[in-house]
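Reader: I have a structure to go through and I'm new to this. Can we take it piece by piece?

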Amino acid sequence: MPQSREIQLVARPTGQPTEDLFRLVTAEVPDPAEGEVLVRNLWMSVDPYMRGRMNDTKSYIPPFAVGAALQGGAVGEVVASRSDSHAVGDLVLHMQGWRDYAVGPARSFRRVDATSVPASAYLGVLGMPGLTAWAGLFKVAAMQPGETVFVSGAAGAVGSLVGQLVKLRGGTAIGSAGTDEKVSWLREIGFDAAFNYRGGVLAQLQAAAPSGIDVYFENVGGEHLEAALSVLREHGRIAVCGLISDYNAATPPRGPRGFMQVVSKRLRIEGFLAGDQGPHQADFLAEVLPALADGRVQARETVVHGLENAPQAFLGLLAGANTGKMVVSLSA
Ligand SMILES: NC(=O)c1ccc[n+]([C@@H]2O[C@H](COP(=O)([O-])OP(=O)(O)OC[C@H]3O[C@@H](n4cnc5c(N)ncnc54)[C@H](OP(=O)(O)O)[C@@H]3O)[C@@H](O)[C@H]2O)c1
């Protein structure tokens with residue numbers, strides 16, 4: 001029976017979370033029961049939605065429990081199996097991250113193939129963030145060839161794929177990010193225009209899109225949403241993926257000014273969740289997997305090493321320390 005380290009939530013944050021809200025403890029892992037597998041985690045994901053789960057509020061996903069291990073996407077290797085469907089050595093994707101070992105019913109551990117892609121890609125470009133980008137752009141915003149798309153949070157896991165998908169489908173991609181280095185990388189991977197939002201959003205967006213935008217892929221909120229409303233063309237669409245500038249707000253965030261433009265321009269705004277996009281999984285992978293394999297899509301990662309540094313990776317993600325997908329490597 002292996003000893004497993006896990007990261008537990010100690011208390012709930014008010015505003016910006018800090019490292020003292022997490023603790024590393026050692027727990028015993030039970031032997032797998034009939035139909036179960038034991039998995040040694042190799043990679044775990046930290047994602048912005050985890051900030052919402054630290055609050056004790058009703059949402060589309062239950063809050064993390066105080067005094068228990070956190071949860072989240074992870075990729076690991078089956079080390080013991082009492083199921084016919086999984087063999088020792090299989091690589092699996094599952095939701096018991098934030099710990100060294102995971103045990104549970106084999107059906108909760110999806111087998112993945114990492115012969116031609118890195119295993120960690122299943123937490124990013126080929127995983128939940130990738131599906132979010134693909135479905136938000138093509139199914140929610142219904143982006144068409146020739147259209148101009150603005151994406152905020154563009155140097156992150158979701159945003160960097162959104163811009164590259166726009167280019168693959170013959171559109172114009174504009175992105176914003178929080179450092180000049182990230183902006184340079186966006187240009188390198190094919191964005192037509194990119195700017196550092198710390199210099200203000202509206203004037204830079206107007207300069208990048210003098211005749212307006214058709215789609216705004218919303219990852220940030222606030223000033224970004226106000227600027228996008230102003231620059232959207234008539235019958236534009238906004239896919240509301242996330243509002244990360246609000247996640248650490250201790251008081252209710254301000255809404256965007258100019259919301260009446262939704263009416264005057266007959267805009268369609270739609271929020272969406274990755275969890276509802278399962279039916280598009282096969283179409284998403286059919287487009288993105290070959291593009292990743294032949295280099296038309298670049299998937300950058302920021303890697304933090306060691307389970308004990310997972311809280312630091314998560315807090316860094318919220319503060320913009322990542323370019324591309326932030327992942328934690330758990331292998332020695
Ligand atoms: N609807 C869904 O099902 C779904 C699924 C996945 C993700 N999402 C959402 O998609 C967005 C991106 O997620 P991701 O996983 O790809 O994360 P990510 O973009 O890889 O990482 C988060 C990034 O947000 C930026 N950021 C943090 N605070 C900000 C602020 N106040 N203003 C502007 N940017 C800020 C930082 O980059 P900078 O250096 O550029 O500031 C940071 O690197 C988030 O809003 C997330 O909640 C939604």
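Reader: Why is helix 2 largely enclosed by the rest of the structure?

Author: Eleven of the 13 residues of helix 2 are buried, so helix 2 is largely enclosed by the rest of the structure. Buried means under 20% relative accessible area, exposed means over 50%, and partly exposed is in between, with a 1.4 Å probe and protein chains only. Helices (H or I, at least four residues) and strands (E, at least two) are DSSP runs, numbered from the N terminus.

Reader: Before we go on, what kind of model is this?

Author: This is a predicted model, in which local features need pLDDT of at least 70, side-chain atom pairs count only at pLDDT 80 or more, and totals for chains, interfaces and linings use all residues. Residues are numbered from 1 along each chain as its sequence is written, and side-chain values use heavy atoms, with hydrogens and water left out.

Reader: OK. Which residues of helix 2 are buried?

Author: Among them are Pro-129, Leu-131, Trp-134, Leu-137, Phe-138 and Val-140.

Reader: What does helix 2 span between its end C-alpha atoms?

Author: Helix 2 spans only 16 Å, where a straight helix of 13 residues would span 18 Å at 1.5 Å a residue. The expected span is 1.5 Å times one less than the number of residues.

Reader: And helix 3, how many residues does that have?

Author: Helix 3 has twelve residues and reaches 17 Å from first to last C-alpha, close to the expected 16 Å. Nine of those twelve residues are buried, so helix 3 is also largely enclosed by the rest of the structure. Val-158, Leu-161 and Gln-164 are among the buried ones.

Reader: Switching to the ligand. Which residues come nearest?

Author: Lys-182, Tyr-197, Tyr-247, Ala-274 and Asn-322 come nearest, out of 27 residues around the ligand. A residue is near if one of its heavy atoms lies within 4 Å.

Reader: Where do the shell residues come from?

Author: Helix 2 (128-140), helix 3 (157-168) and helix 9 (310-319) each supply at least two of them. Domain 1 (3-124 + 300-329) and domain 2 (128-276) each give at least three; the domain bounds come from an automatic or database domain assignment.

Reader: Which polar atoms lie by the ligand's nitrogen or oxygen atoms?

Author: A polar side-chain atom of Tyr-197 is 2.5 Å from a ligand oxygen. A polar backbone atom of Cys-241 is 2.9 Å from a ligand nitrogen, and a backbone N or O atom of Phe-272 is 2.8 Å from a ligand nitrogen. The protein covers 90% of the 910 Å² of accessible area that the ligand has on its own. Such areas come from the Shrake-Rupley method with a 1.4 Å probe; for residues, only the protein chains shown count as cover.

Reader: Back to the protein. Where is Ser-120 found?

Author: Ser-120 is in the loop between strand 7 (110-111) and helix 2. Ser-120 is buried, with a relative accessible area of 1%. Its side chain has a polar contact of 2.6 Å with that of Glu-301. A polar contact is a pair of N or O atoms within 3.5 Å; within protein, one must be able to donate a hydrogen and the other to accept it, and residues adjacent in sequence count only if both atoms are side-chain atoms.

Reader: Last one: is Ala-142 buried or partly exposed?

Author: Ala-142 is partly exposed, at 26% relative accessible area. Ala-142 comes just after helix 2 and takes a positive phi of about 50°.
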